[in-house]
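Work through the exercises below with the model open beside you. Try each task before reading its solution.

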Amino acid sequence: MISFKSLPMFSSIFLLISILFTSTNAATFIIRNNCPFTVWAGAVPGGGRQLGRGQTWSLNVPAGTKGARIWPRTNCNFDGAGRGSCQTGDCNGLLQCQGYGRPPNTLAEYALNQYQNLDFFDISLVDGFNVGMEFIPTSNGCTRGPRCTADIKGQCPNELRAPGGCNNPCTVFKTDRYCCNSGNCGPTDFSKFFKDRCPTAYSYPKDDPTSTFTCPGGTNYRVVFCP
């Protein structure tokens with residue numbers, strides 16, 4: 001039995017073990033802006049960061065994190081308190097995002113240490129497109145990830161055009177056919193527009209077979225804007 005005298009030492013050891021375990025299993029995401037213009041990265045979890053051309057931002061994300069995403073914001077203006085707005089990807093007018101961004105915005109989505117201790121990750125165009133992106137694993141011998149570098153903004157169908165980007169049809173029409181609210185939907189002419197240009201990215205919500213990637217838990221990743 002542990003005496004009261006030994007409790008502080010025991011607590012310290014337990015805390016140290018917990019910290020080591022957490023850091024060992026955390027994933028590091030290096031976010032890089034290769035665009036010839038400034039991008040304001042948004043991340044949940046993580047917040048946000050202004051990235052000039054060639055600048056990077058390193059995020060350490062705890063094991064078990066899910067429902068997470070990283071995205072580019074464009075044409076932003078923020079004051080000294082970190083309040084303002086962005087033309088695309090805006091997150092309630094905050095530099096440090098606390099919630100998801102407003103479409104259209106290209107998304108890097110992930111969930112860490114899930115089924116069979118695998119990470120699941122993807123690039124999604126379900127919230128539309130604003131900046132080209134690649135999402136690549138960089139450790140654990142895992143090398144395969146999605147890319148989306150086509151000129152979707154320039155080739156966007158008239159019905160989906162938006163300032164600074166290209167909307168997904170769900171954002172525009174808000175019908176079950178495009179949004180899959182009932183869970184029963186398939187590809188459409190609009191989703192095929194995205195899929196033809198970015199075959200490894202989600203083009204509509206049920207586009208799983210060709211768009212979901214996995215790596216062993218504990219893998220690190222690189223997200224590049226304008227790769």
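**Exercise 1: Strand 5 and its partners**

Task: determine how covered strand 5 is, and find its partner strands.

Solution. Strand 5 spans residues 68-78, and 8 of its 11 residues are buried, so it is mostly covered. Buried means under 20% relative accessible area, exposed over 50%, and partly exposed in between (1.4 Å probe, protein chains only). Strands (E, at least two residues) and helices (H or I, at least four) are DSSP runs numbered from the N terminus. Two strands pair if DSSP finds at least two bridges between them.

- Step 1. Strand 2 (residues 39-44) runs antiparallel to strand 5, joined by 5 bridges. Here Trp 40 faces Arg 73 of strand 5.
- Step 2. Strand 7 (residues 107-111) pairs with strand 5 over 3 bridges, again antiparallel. Arg 69 lies opposite Glu 109 of strand 7.
- Step 3. Strand 6 (residues 84-88) is antiparallel to strand 5, with 4 bridges. Cys 76 stands opposite Cys 86 in strand 6. The two strands form a hairpin with 5 residues between them, and Gly 82 in the turn has a positive phi of about 80°.

**Exercise 2: How far to trust the model**

Task: state the confidence of the chain, then locate the stretch with pLDDT below 50.

Solution. This is a predicted model: local features need pLDDT of at least 70, side-chain atom pairs count only at pLDDT 80 or more, and totals for chains, interfaces and linings use all residues. Residues are numbered from 1 along each chain as its sequence is written, and side-chain values use heavy atoms, without hydrogens and water. The average pLDDT (the predictor's confidence in each residue, from 0 to 100) is 91 for the protein chain, and 89% of the residues score at least 70. Residues 1-23 fall below 50, and this stretch has 2 contacts in the model beyond near neighbours in sequence. Contact means heavy atoms within 4.5 Å.

**Exercise 3: The open sheet**

Task: give the strand order of the open sheet of 5 strands and find its edges.

Solution. The order is 4-1-14-9-10, with mixed pairing. Strand 4 (56-61) and strand 10 (147-148) are the edges; each has a single partner strand, so one side of each lacks a neighbour in the sheet. Strand 1 (residues 27-33) pairs antiparallel with strand 4 over 6 bridges. Within that pairing, Phe 29 has Leu 59 as its bridge partner.

**Exercise 4: The nonpolar cores**

Task: name the residues that touch the most other members of the largest core.

Solution. A nonpolar core is a set of buried Ala, Val, Leu, Ile, Met, Phe, Trp, Tyr and Cys residues joined through side-chain atoms within 4.5 Å. The largest has 43 residues; Phe 29, Ile 31, Ile 70, Tyr 110, Phe 135, Ile 152 and Phe 225 touch the most other members. Outside four places in sequence, Tyr 110 contacts residues including Phe 29, Pro 45, Ile 70 and Phe 135. A second, separate core of 5 residues includes Val 44, Cys 91, Cys 97 and Leu 107.

**Exercise 5: Unusual backbone**

Task: find where cis peptide bonds and positive phi values occur.

Solution. Most residues other than glycine have a negative phi, and most peptide bonds are trans.

- Step 1. Val 44 and Pro 45 are joined by a cis peptide bond, omega about 0°. Pro 45 sits in the loop between strand 2 and strand 3 (47-51).
- Step 2. Gln 116, not a glycine, has a positive phi of about 55°. Gln 116 is exposed, at 59% relative accessibility.
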